[in-house]
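Colleague: I have a model open and would like to know how its terms are earned. Could you take me through them?

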Amino acid sequence: MNIGFDAKRAFQNFTGLGNYSRTLLAELQTKYPQHQYHLYSPKIRRNARTEPLFADGHFHHHSSQTLLKAWWRSRGVLKDLKRDQIDIFHGLSHELPFGIHKSEVKSVVTIHDLIFYPHPEQYGAWDRKVYHYKFRYACQRADHIIAISESTKADILRYYGVAETKVTVIRQACNPIFYEEVSFGERSAVASRWQLPQKYFLYVGSVIERKNMRLILQALPQLVEDDPDFRLVVIGGGGSYYRQMQSMAVALGLQAHIQWLTDIPFADFPAIYQNARAMVYPSYYEGFGLPVLEALASGLPAITSNRSSLPEAGGPASIYIDPDSVDELVAALRKLNQDSFDKAEMIRLGREYAETFRQGKQVQELMGIYEKLM
């Protein structure tokens, strides 16, 4: 088969959507080298993160030859799909080219989340209108829809009214690097490189309102009172909310207890995870919640929210809290901060659960969908 992909996020996004695209594409060409994979992106970037997408003989790269790159991605690419004799086109992040339903190309779209419906306050009016128009078209016109969680599937059925048989849940896989144990020497080198504290809790993700950093900051004064050595490491950037949270930390006298990091190389993440005491991620809403799964694969206990898809990411051994309850978060942090608390069973069960998310199973399910469509 000639399989085409909207690879914009694979080449230009280096957080959640990009990680999903790169991990999936790399595993497809490893497991199913008999097919040809065509990557369509307005720009092609080659760096350490995208290097696996340049495997000889497997990937074919196509970029826009026009200055109207947004138009090319949303409509003009259809001519390229016909030229390249594409059998199936997979929109990896919510979108399909307009008019694809009139072409001979079969289409699949991955929907990660529909956050702008339950949390419209976090998006501008124009953005909400554009997302609704694009996502609705993709869901209604695709030959098949991939939802990355049961929670996302429920939202697709609720908001777009498509047939349930048209939607398959293929949960987001975890990058293989998080399953590998990092040597003590490498962990020490990474800790030294980023001046990490000896003991710390970890938050990974954009610092935006729905991810609920405010709750963490509200809980920390009680933890610091219990343990003056308590530390939190935050990895992720943001805009106005990020700056509000930094100001709030100063107002609460927490600046010595929080380390804010950005632009960490992906290769350093496993060591940073494995050096931590636990992941704390009390988000209100996630399409999946990949940092929680990455923590489990790394042998790290997780505290997360009991909302949306997060119980799917955290499995049976994580600690779940009401994301509006400071008391519940304080209790969970205190529990995992006790040196006397035996976390071995949480870690064992978390790793067992994370094993079910290795990429091989997901790409096998996806290839089955491609083959069925053909």
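Modeller: Happily; we will go through the sheet, a helix and a pocket in turn. This is a predicted model, where local features need pLDDT of at least 70, side-chain atom pairs count only at pLDDT 80 or more, and totals for chains, interfaces and linings use all residues. Residues are numbered from 1 along each chain as its sequence is written, and side-chain values use heavy atoms, with hydrogens and water left out.

Colleague: What makes β6 and β7 a pair?

Modeller: Strands are DSSP runs of E with at least two residues, numbered from the N terminus, and two of them pair if DSSP finds at least two bridges between them. Strand β6 (residues 144-147) and β7 are joined by 3 bridges and run parallel, so they meet the rule for a pair. Across from I145 stands V167 in β7.

Colleague: Which order do the strands of the open sheet follow?

Modeller: The order is β3-β2-β1-β4-β5-β6-β7, 7 strands with parallel pairing. β3 (59-63) and β7 (167-169) each have a single partner strand, so they stand at the edges with one side lacking a neighbour in the sheet. From one strand to the next, the twist averages 20°.

Colleague: How many bridges does β4 make with β1, and how many with β5?

Modeller: There are 4 bridges to β1 and 4 to β5 (residues 106-111). In β4, F89 is the bridge partner of G4, while G91 is matched with V109 in β5.

Colleague: Why are both faces of β4 called covered?

Modeller: Buried means under 20% relative accessible area, with a 1.4 Å probe and protein chains only. I88 and H90 on one side, and F89 and G91 on the other, are all buried, so the word fits both faces.

Colleague: Which strands does helix α3 lie across?

Modeller: Helix α3 (residues 69-83) lies across β1 (2-6), β2 (36-41), β3 and β4 (88-91), at about 150° to β2. Angles run from 0 to 180 degrees between N-to-C directions, using axes fitted to C-alpha atoms.

Colleague: What makes a pocket, and how much space lies in the second largest?

Modeller: On a 1 Å grid over the protein atoms alone, a pocket is an open set of points where a 1.4 Å probe fits, with protein on both sides within 12 Å along at least five of seven lines; lining residues have an atom within 4 Å of a point. The second largest pocket holds about 380 Å³. Its lining has 20 residues, and R22, T23, R49, N175 and F266 are the closest to its centre. α2 gives the most to this lining, with 6 residues.

Definitions and conventions:
Points joined across faces, edges and corners; volume = space filled by probe spheres on them. Contact = heavy atoms within 4.5 Å. Buried < 20%, exposed > 50% of the residue type's maximum accessible area, 1.4 Å probe, protein only.
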